[in-house]
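This report walks through a structure for someone who has not met it before. It starts from a small detail and then moves on to a sheet and to the contacts between chains.

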Amino acid sequence: MRPIGGKAERFTKPLIASAWFSLLFLPFRGPEAAGVLFVVLAVSIPLLGAVSDRVKKTGPLRQGLENIGLKSRRFAPLLFAPLLVVPLAAGNYWIDVAVLAGIYIILALGLNVVVGYAGLLNLGFAAFYAIGAYSYALLNTMLGLGFWTALPLAVGITTLAGLLLAFPALRLRGDYLAIVTLGFGEIVRLVLNNWDSLTKGPNGISGIDAPTFFGASLASLPAYYYLVLFFVVVTVFVMRRVVTSKIGRAWIAIREDEIASSAMGISTMRYKLYACAFGAFWAGIAGCLFAAKMRFVSPESFTFMESVMMLCMVIIGGAGSVAGVILGALLLVFLPELLREAQLYRMLAVGCGLVFIMVFRPQGLFGRKNASPES
Amino acid sequence: MLLQQIINGLTLGSVYALIALGYTMVYGILELINFAHGEIYMIGAYLGIILLAFFTSVGLTAVSLPLTLLLVVVLAALICSAYGFTVEKLAYKPLRNASRLSPLISAIGVSIFLQNYVMLTQGATDKVFPSLFGSGGFRFLSTRVSYLQAAIIVVSGVMMVSLQAFVMKTKTGKAMRAVAQDKTMASLLGINVDKVISITFVVGSGLASVAGVMVAAYYGLVNYFIGYIAGIKAFTAAVLGGIGSIPGAMFGGILLGLVESLGASYISSEYKDAYAFVVLIGILLVRPGGLFGKAPEEKI
Amino acid sequence: MHLLKVKGLSKHFGGIRALEDVSFGVKDGAIQSVIGPNGAGKTTLFNCLTGFLRPTKGSIVFREAEITGMPADRISRRGISRTFQNIRLFRDMSVIENVVVAQHPMIRSGLLQAVLRLSGFVREEREVREKAFEYLEFLGIETLAEKSAGSLAYGLQRKIEIARAMATGAPLILLDEPTAGMNPQETEEMMTIIRNLRNIGKTIILIEHDMKVVMGISDRIVVIDHGVKIAEGVAREIRNDPLVIEAYLGKELH
């Protein structure tokens, strides 16, 4: 909080804050480092205060962001064109990152249905991602099914898993639901880790086939990029149409006020089930894409941290907004890559960033306070 | 064998219970799952090692071990309380009126930050807590209990009883309960809600740090990611007992410790971490409000 | 003909008898008020009628069919709609979206039609919006259609709730204190709205504290005190009923 009041306070407050943080830091790195931290903070806190005052007064950042959020819809086709030429312009490394980003966009959009639209907090979404990936891996390596045959089956299994979890879990409210989904995520991971005869335990399953397209293999990175891009486009297309239909409206209504929703004749249980199944559906697709890209799956790709990251993508971009969630996913995939130089410090920055965004823009970077179904 | 496992379970359970208290108190007042609470416990464990090393280097340990240990626990609790206080002020207080998801994400951010902060300053490898207690112990019925186990159970028990007394008997404790019931009403009655919230974080963090120091001593090893799994389990314990209820958190913690310890030895140790959740899901399906909690009913 | 028949309705919460053996009928096209001192059990009665609470005993018959104990959403689809004492709008939606949501059960297009945007879907969506607009016009708030519902004044929010209740298409509308917190002019306006609702064929059950409203527009009045029906009749009869006078005055003299 910026200092209000007398001139003396303007100087003492940052000093007190700096001393406080340095003291907290002291046991971990000794007196010298704490001293350095004190000096750095004593200089930067007043500076940051001045900057944030400026920003608050003019508010260009906030408005700028809102404008981007609004305009992006109109210019969506323009944004789309450069995506087609990415493999021509970028090196393999960045194509790889882009493929990953595409998979996360699908995941985040799926989770967005559950959290952003229906308002059900899910802390174990990686479980569905895992079920999708392992289903494809097993169908492919054990039964020899190709990508296009295994995909609908794997997605069907994942959707069913979503429904099966939802049936009992939806009797619970809010945070109890959150913790049960978290538990489900952990249980799925532990089962994958320990059911050696089926999943090969922590070693994972390797030798998964890449998809083919009319006989041509899509194993090369650029080809795979286009495959993922295709699925992202399908996801966004379907998602936007569903959330602007009566189904999406019912989800938002339930999120806003469950009691009023049932007074309007909406079967809240049924639509929550739809949301869970629909969310899991996309996680299943993302899982298949992931397994087919890596040609390998192991439990460590589906940890709780993974669920947390997906949730952060949804919330940072702006829960309940399709465009926002896409941007949230891009941000959280690309930002750590850009910070790779400062590898050691990037998770520190991600943690800080999450707190900052929530404190200064709780509705997410691109979410509007007034989340209407058109978003 | 069975008795041995029960003692192990009680030890583990009292640690879970101590951490769970922090979750339950914060949840009772702010309805926030304080995800960073597990990291406070982890910081407590590190502080135990750091402070002990410091006191050994200045020669205090050689003079009096009990005094040193007391100093380590008290100082670690103070520093952790300061961390808890700071986290609340920076990451949660500005979000008092935001939607329910925002503080949760902020808490996840704090948790990621603190984990990496400790990893960067203390290194990614295991830290060792020097074994000071040898393998001393005593016989209890037909089984052996180490002094450390006994100490953990006794210290936890004393702290839980004191906390309950603090919340039920003191003026501050009454203010805490008032704020938990109705923040607006409490502030109208002249209770400083912000202060009560700060106290809650300070007390909860202090308890977690004691748990951290004891666990560091018990297992002898500490790593920067121990906070996450312990945090999740402690939260499970809190929900198990009915979140918001202090006796519930104690009971949930001990139940969880027993389930884990017995499950690991009689069913399969590979699924040790899953039992907590299986029990939790089972109980919530029968009693959607936890063992001691009431299912929330919304007034129309 | 009775649209709604309540027989021997009781609701107990543990040892508390919030409603005890309440019976009455509501004629098609009537405006029927339920009055009584605070805590008499009026809102509990509404919650039982609309499925938010399961009655302990008794039966509720609506359009000759037993609806006792049905879940709220099914009762709503059967044709009983309501407003809430402490307004429950979808605050972050626009006004018109609120009214569109209320038409949810009448929309037939499902997932497939929505994804493919078949012509039926597009037509249905258009019709739903047009209808929503008509309901807003009926209440004279069509200019606010695109405003965020939560940002509006209290009196306007009550009107949106009524528009929303109408939009469900229900023939029976339960209004829970529609004039609470309104000034005399707004109250007058609300009375006109309620009369208009009846004029377009709706049946109304009204919980109301303002005696001027109750006596002014009710065809029939049911009085509840401590969960028990103590009187029923037209305004004139109620005004002179000794039990009613005691229930009200007795309360005030404490």
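## A hairpin in chain B

In chain B, B:Phe140 stands opposite B:Thr143, a residue of strand E3(B). The model in which this pair is found is a predicted one. The two strands concerned, E2 (residues 137–140) and E3 (residues 143–146) of chain B, run antiparallel and are joined by four bridges. Between the strands of this hairpin of E2(B) and E3(B) there are two residues, and B:Leu141 takes a positive phi near 55°.

## The sheet in chain C

Chain C holds an open sheet of six strands, which follow one another in the order E6-E7-E8-E3-E9-E10 with mixed pairing. Strand E6 (80–82) and strand E10 (228–233) of chain C stand at the edges, and because each has a single partner strand, one side of each is left without a neighbour in the sheet. From one strand to the next, the twist averages 20°.

At one of these edges, strand E9 (residues 220–225) of chain C pairs with E10(C) in the antiparallel sense, over five bridges. Within this pairing, C:Ile224 stands opposite C:Lys229, which belongs to E10(C). Strands of a sheet pair through backbone hydrogen bonds, in either the parallel or the antiparallel sense. Towards the other edge, helix H6 (residues 154–167) of chain C lies across E6 and strand E7 (172–176) of chain C, and the helix runs at about 160° to E7(C).

## Two interfaces of chain A

Chain A touches both chain B and chain C, and the table sets out values for each interface.

| Interface | Buried area | Share on carbon and sulfur atoms | Citation |
|---|---|---|---|
| Chain A and chain B | about 4700 Å² | 78% | |
| Chain A and chain C | about 2700 Å² | 60% | |

The contact of chain A with chain B takes 46 residues from chain A and 57 residues from chain B. How many salt bridges are counted between chain A and chain B? The count is zero, while seven residue pairs are found in polar contact across this interface, both residues of each pair being at pLDDT 80 or more. On the side of chain A that touches chain B, two or more residues come from each of helix H1 (7–58), helix H7 (174–194), helix H13 (304–317) and helix H15 (343–360) of chain A. Among these, H7(A) provides the largest share, twelve residues. Sorted by class, this side of chain A has 38 nonpolar, three polar and five charged residues.

Towards chain C, 31 residues of chain A are in contact with 31 residues of chain C. The residues A:Lys246, A:Arg249 and A:Met264 supply 26% of the area that chain A buries against chain C, more than any other three residues. Two salt bridges are counted between chain A and chain C; one of the pairs that form a salt bridge is C:Arg88 with A:Asp257, whose closest N and O atoms are 2.8 Å apart. The count of residue pairs in polar contact between chain A and chain C is twelve, with both residues at pLDDT 80 or more.

Which helices of chain A each supply at least two residues of the side that touches chain C? They are helix H9 (221–243), helix H10 (246–256), helix H11 (258–263) and helix H12 (268–294) of chain A, and H10(A) gives the most, with seven residues. By class, the side of chain A that touches chain C has 16 nonpolar, seven polar and eight charged residues.

Note on methods:
Residues are numbered from 1 along each chain as its sequence is written. Chains are lettered from A and ligands numbered from 1 in the order in which they are written. This is a predicted model: local features need pLDDT of at least 70, side-chain atom pairs count only at pLDDT 80 or more; totals for chains, interfaces and linings use all residues. Side-chain values use heavy atoms; hydrogens and water are left out. Two strands pair if DSSP finds at least two bridges between them. Axes are lines fitted to C-alpha atoms, for helices over the stretch in contact, and angles run from 0 to 180 degrees between N-to-C directions. Contact means heavy atoms within 4.5 Å. Buried area is the accessible area (1.4 Å probe) that two parts lose on being put together, summed over both. A salt bridge is a side-chain nitrogen of Lys or Arg within 4 Å of a carboxyl oxygen of Asp or Glu. A polar contact is a pair of N or O atoms within 3.5 Å; within protein, one must be able to donate a hydrogen and the other to accept it, and residues adjacent in sequence count only if both atoms are side-chain atoms. Ala, Val, Leu, Ile, Met, Phe, Trp, Tyr, Cys and Pro count as nonpolar, Asp, Glu, Lys and Arg as charged, and the others, Gly among them, as polar.
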